[in-house]
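Colleague: I am new to this structure and should be grateful for a guided reading of it. May I put some questions to you once it is before us?

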Amino acid sequence: MDWLKEALFVREMAMENNRMFGDALPMIASENILSPLCKEMLITDFHGRYAEGNPGKRYYQGCKFFDEVESKAIELAKILFNAKYADVRPTSGTVANMAVFKAWTKPSDKVTVLDTADGAHISFGKWGAAGLRGLELHTYPFDSEAMNIDVDGAIATIRKVEPKLALFGQSVFLFPTPLKELADAAHEVGAKVVYDAAHVLGLIAGGKFQQPLKEGADVMTGSTHKTLPGPQGGVILANKTRDESQDMKYLDWGVFPGVTSSYHLHHVAAKAIAFAEHLAFGKQYAEQIIKNAKKLAEELYNHGFDVLGSNHGFTESHQILFKVGKEKGGEAAQKLEEAGIIANMNMVPGDEHPMRPSGIRLGVQELTRLGMKEGEMEEIAKFFKRVLIDGEEPAKVKKDVVEFKKNYRKIHYCFYEGEDAYEYIKLVQK
Ligand SMILES: Cc1ncc(COP(=O)(O)O)c(C=O)c1O
């Protein structure tokens, strides 16, 4: 075997991937692109180093510059989220959730949660982190017309179950959770309130979605690479310090040694930069994301798509969800990909099997970061119509998508904006 050839094959695939996304309309709601300064952090020497523990209290030497970086990341996260406690070590949103479970539950404890078909993430499900911890899951009722938790039903569930944790936050997340009332009910029965902000973290930080820590959440977890457009990673935020509460000490230990060892120091550096960028640009970015999502949803609806939440303004977030016919989500997503539109099939309320869903979920956060506004959403809705309603050949539509995308490759809402987002950085010349 020619091992160099094998290695270069992988590199070629990475380049092809850059080209594919460069030509496409990337609309997966959990994704985003990195700013030039964040990207640079990923190839620093921080990659591959170890720093277990907390700044100033390490198990390894050689951490003095990283201590500065992690302390800065914590400081900026606290400002960005108006929080007293920030842990930037979780390596993903799932890991952040696992740390909370590790810290605040024991196996067989009861938790209340939404069903995955109603939008909950798998880390709150029996096949994910909650199941791994052996938690007993009790689901809230869902109002599929309003596309939100049924508040009265959920309060009744919380009162009946008396869970250890009441879990909120969704992967399909069109509207803010009515958190205040739910959190009051949870606290009455002694439950802690966990709000998973993975998807909407950048909207919350931009002040354009609900403010969970003010509305009763005891802890907020999140991913740092979705609407908060940083490196892949997680974060935990709360409003009590380690010194104020034993629970927060457990949370700290839940992260380390609970669910991390080294925690990808290059990503922590990029998180710090992403927080600074979001402090500078997050408000305008979040505002435009929501305007774009609303506009696209409205246009799709006017073209005849069955967009959910139609009686409630379609969406208050970066997401749109529409039905394409019973169990036809996979087929529709495939056709869209052939037309250069990257989106995912998604369960809608009433679906039973995650591999045979009836919906398509969209997110406009990446398109917005490329400088698109409401006018561009009108054009994009027409591409959807051509593929999924008019039944036009996807390859034909793709030609127009590629042409359209040529004007939207530059990154916005960050320092050194205007760089090509999809250019491949070559460190090794062949
Ligand atoms: C609500 C929610 N929580 C957690 C996660 C997991 O995040 P990560 O991919 O960072 O582990 C996701 C992923 O999309 C999510 O939607």
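Modeller: Two strands pair if DSSP finds at least two bridges between them. Please also bear in mind that this is a predicted model.

Colleague: How many bridges join β13 to strand β14?

Modeller: Strand β14 spans residues 319–323 and runs antiparallel to β13. One residue of β13 with a partner there is V307, whose bridge partner in β14 is F322. Pairing requires at least two bridges, and the number joining β13 to β14 is 2.

Colleague: In what order do the 4 strands of the open sheet stand?

Modeller: The pairing in this sheet is antiparallel. Two of its strands, β13 (306–307) and β16 (344–346), stand at the edges; each has a single partner strand, so one side of each is left without a neighbour in the sheet. From one edge to the other, the order is β13-β14-β17-β16.

Colleague: At about what angle to β14 does helix α10 run?

Modeller: Helix α10 comprises residues 265–302. It lies across three strands, namely β13, β14 and β17 (359–363). Relative to β14, the helix runs at about 15°.

Colleague: Which residue of β9 is the bridge partner of V111?

Modeller: Strand β5 (residues 110–113) is joined by 4 bridges to strand β6 (residues 136–139), and these two run parallel. In β6, V111 has L137 as its bridge partner. Strand β5 is also joined, by 2 bridges, to strand β9 (residues 165–168), again in parallel. In β9, the bridge partner of V111 is L165.

Colleague: Let us turn to the ligand. Which element gives the most to the shell around it?

Modeller: The shell has 1 nonpolar, 10 polar and 2 charged residues. Both α4 (93–104) and β11 (219–225) supply at least two residues each. With 3 residues, the element that gives the most is α4.

Colleague: Which residues come nearest to the ligand?

Modeller: There are 13 residues around the ligand. Those that come nearest are G93, T94, S171, D196 and K226.

Colleague: What percentage of the ligand's accessible area does the protein cover?

Modeller: Consider some polar contacts beforehand: an oxygen atom of the ligand is 2.8 Å from a polar backbone atom of G93. Ligand oxygen also lies 3.2 Å from an N or O atom in the side chain of S92, and 3.5 Å from an N or O atom in the side chain of H225. On its own, the ligand has 390 Å² of accessible area, of which the protein covers 86%.

Terms used: Residues are numbered from 1 along each chain as its sequence is written. This is a predicted model: local features need pLDDT of at least 70, side-chain atom pairs count only at pLDDT 80 or more; totals for chains, interfaces and linings use all residues. Side-chain values use heavy atoms; hydrogens and water are left out. Contact means heavy atoms within 4.5 Å. Axes are lines fitted to C-alpha atoms, for helices over the stretch in contact, and angles run from 0 to 180 degrees between N-to-C directions. A residue is near a molecule or strand if one of its heavy atoms lies within 4 Å of it. A polar contact is a pair of N or O atoms within 3.5 Å; within protein, one must be able to donate a hydrogen and the other to accept it, and residues adjacent in sequence count only if both atoms are side-chain atoms. Accessible areas come from the Shrake-Rupley method with a 1.4 Å probe; for residues, only the protein chains shown count as cover. Ala, Val, Leu, Ile, Met, Phe, Trp, Tyr, Cys and Pro count as nonpolar, Asp, Glu, Lys and Arg as charged, and the others, Gly among them, as polar.
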